[in-house]
Amino acid sequence: MITFLICLGLLIAAYFLYGRYMNRLFGMERDKPVPSKTHYDGVDYVPMSKWKTFLIQLLNIAGLGPIFGALLGATFGPVAFLWITVGGIFIGGVHDYASGIISIKNNGLSYPEIIGKYLGGNVRQVVRAFTIVLMVLVGAVFITGPAGILQGITGITQSVWVWIILTYYIVATLLPIDKIIGKIYPVFGAALLFMAFGILAVLLMSDYQIPELTTQTLRNMKTDAASYPLFPMLFITIACGAVSGFHATQSPLMARCVRSQKECRGVFFGAMISESIIALIWAAMGMAFFGGVEGLNSTLAEHGNNAAWAVDAISKTTLGAIGGLLALLGVVAAPISTGDTAFRSARLIVADFMKIDQKPFAKRLYISIPLFLVGFGITFLNFDVIWRYFAWANQTLAVFTLWAVTAYLYARKKNYLVAMLPALFMTMVTASYLFIAREGFGLSQSSGLVAGAAVTIAVMTGVVIHFKRDKIG
């Protein structure tokens with residue numbers, strides 16, 4: 001438990017120490033008017049209290065990620081604690097804080113437009129398409145998953161639940177943000193935290209043994225380690241909780257709702273640190289509840305690596321009836337809340353680059369209809385295939401964001417290494433995964449790493465040339 005407690009302490013300390021450094025580095029301007037006031041429209045630009053924006057941001061970025069991803073990542077062993085902690089502070093924390101405050105400084109602009117501003121017009125076009133595809137994939141994933149779970153609970157066919165969830169998505173995407181999201185999501189966000197801290201209390205007060213990170217356990221402990229090399233598979237498996245490109249698409253939603261730049265550390269950096277803590281708790285419980293890493297691997301394999309089953313079993317056993325209710329919230333309400341904000345983000349991204357005013361309902365509608373039609377069509381594809389491509393696309397978007405943040409800091413002659421080093425690392429992760437994974441090129445680990453390194457060097461060279469040749473905003 002010592003490793004777990006150290007990691008937990010580091011995450012909490014990072015909020016106060018590294019979070020304050022982020023404020024200074026990005027030039028937080030306490031008294032400067034924010035988009036919720038300068039661009040108020042009653043639909044997307046709506047000022048909300050700090051606790052609401054924090055809980056909505058947390059629920060938007062979390063979904064199932066810090067629970068399911070952490071449980072599956074725990075099959076690699078205690079090294080997962082290290083990635084969640086270091087990644088959450090120095091990669092995810094920078095990524096999420098920067099995506100929030102830079103959006104605020106650009107009037108709540110969507111992230112493809114911000115990336116284009118700092119990395120150039122060609123990159124903007126690529127990221128526009130890439131991000132919209134990712135948002136629709138997220139929406140589709142979080143229609144199919146909850147619909148399947150609800151079918152098992154209620155006996156009502158999955159297709160009926162797909163239509164019910166899709167109908168809700170349409171309503172939530174089109175209505176002003178304070179009508180549904182602003183009222184319901186803080187409750188769901190609070191429940192997500194309550195669930196995590198309930199599990200934490202069980203861990204601290206029971207006889208569960210949390211594996212320690214030692215020289216013997218600092219390795220890949222998956223049953224089929226050869227097929228799932230630690231690098232890069234762990235860093236794709238645990239995304240939410242360490243770093244996730246999807247977060248940058250959600251930050252502009254709350255960047256349009258915060259009441260002051262001084263709230264950025266709490267809303268954006270705070271939500272990321274909170275998500276890392278949730279992931280750390282679930283990774284620890286996954287290892288402890290099933291009797292260690294080996295037991296976690298074998299039990300998950302017996303149940304088809306179904307993380308939803310593991311969440312249900314852990315919650316009901318440790319938290320009783322309340323745990324069962326919270327487990328249902330975790331595996332149904334949380335992904336649904338992520339899915340609808342994904343479609344909302346896609347609408348705003350399209351509106352931003354097409355410069356379409358979103359105050360008129362009809363204009364919101366005609367942007368949204370094609371997005372929902374495509375999302376509905378994707379629900380007919382194999383869920384596992386969608387999820388694997390979503391996981392890679394998610395981390396690839398984080399690469400674009402981190403390079404844009406590097407450019408932003410470079411242009412202002414500030415410490416750009418805090419973003420550049422994470423950008424290089426995540427470029428290597430995503431490129432190597434593409435070459436090594438079965439759903440990618442399926443190369444050996446050594447060949448894939450060489451190819452990933454070549455891509456990373458090429459990307460870094462291109463960015464450096466851009467810095468020296470072009471004027472950066």
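Q: About how much area does the chain expose?
A: The structure shown is a predicted model. Carbon and sulfur atoms supply 67% of the exposed area of the chain. The total that the chain exposes is about 18000 Å².

Q: What share of the residues of the chain counts as buried?
A: A residue counts as buried when its relative accessible area is under 20%. The chain has 473 residues, and the share that counts as buried is 61%.

Q: How many helices and how many strands does the chain have?
A: The chain holds zero strands. Its secondary structure therefore consists of helices as far as these two classes are concerned. The number of helices is 18.

Q: What radius of gyration does the chain have, and why does it agree with a compact globule?
A: The C-alpha atoms fill a box of roughly 55 × 50 × 40 Å along the principal axes. For 473 residues, a compact globule would have a radius of gyration near 23 Å. The value for the chain agrees with that expectation: 21 Å.

Q: Among contacts with a separation of 6 or more, what share comes from residues 24 or more positions apart?
A: A contact here means heavy atoms within 4.5 Å. Of the contacts in the chain with a separation of 6 or more, the share from residues 24 or more positions apart is 82%.

Q: How far apart lie the centres of the positive and negative side chains?
A: The chain carries 34 positive side chains and 21 negative ones. Each set has its own centre, and the distance between the two centres is 12 Å.

Q: How far apart are the end C-alpha atoms of helix α7?
A: Helix α7 covers residues 121-154, which is 34 residues. At 1.5 Å a residue, the helix should span 50 Å. The distance between its end C-alpha atoms agrees with this, at 49 Å.

Q: Which residue just after α7 takes a positive phi?
A: The phi angle in question is about 85°. The residue that takes it, just after α7, is Gly155.

Q: Is Ala279 buried or exposed?
A: Ala279 has its place in helix α12, residues 264-289. Leaving out residues up to four places away in sequence, Ala279 touches Pro66, Ala70, Ile84, Cys240 and Gly241. Its relative accessibility is 0%, so Ala279 counts as buried.

Q: What distance separates the C-alpha atoms of Ala279 and Arg388?
A: Along the chain, Ala279 and Arg388 are 109 residues apart. In space, their C-alpha atoms are separated by 20 Å.

Q: Which residue does a cis peptide bond join to Phe231?
A: The omega angle of this bond is about 15°. Phe231 is found in helix α10, and its partner lies in that helix, residues 230-237. The partner is Pro232.

Q: How far apart in space are Phe231 and Ile436, C-alpha to C-alpha?
A: Phe231 touches residues that include Phe425, Met428, Val429 and Ser432. In sequence, Phe231 and Ile436 are 205 residues apart. In space, the C-alpha to C-alpha distance is 9.9 Å.

Q: What is the relative accessible area of Asn107?
A: Asn107 is found in the loop between α5 (79-105) and α6 (111-119). Although not a glycine, Asn107 has a positive phi of about 60°. Asn107 is partly exposed, with a relative accessible area of 39%.

Q: What is the relative accessible area of Lys413?
A: Lys413 is found in the loop between α16 (383-411) and α17 (417-436). Its phi is positive, about 55°, although Lys413 is not a glycine. Lys413 is exposed, and its relative accessible area is 77%.

Key: Residues are numbered from 1 along each chain as its sequence is written. This is a predicted model: local features need pLDDT of at least 70, side-chain atom pairs count only at pLDDT 80 or more; totals for chains, interfaces and linings use all residues. Side-chain values use heavy atoms; hydrogens and water are left out. Helices (H or I, at least four residues) and strands (E, at least two) are DSSP runs, numbered from the N terminus. The radius of gyration is taken over C-alpha atoms; the globule rule is 2.2 Å times the number of residues to the power 0.38. Buried means under 20% relative accessible area, exposed over 50%, partly exposed in between (1.4 Å probe, protein chains only). Accessible areas come from the Shrake-Rupley method with a 1.4 Å probe; for residues, only the protein chains shown count as cover. Lys and Arg count as positive and Asp and Glu as negative; His and the chain ends are not counted. The place of a charge is taken as NZ of Lys, CZ of Arg, CG of Asp or CD of Glu. The expected span of a helix is 1.5 Å times one less than its number of residues.
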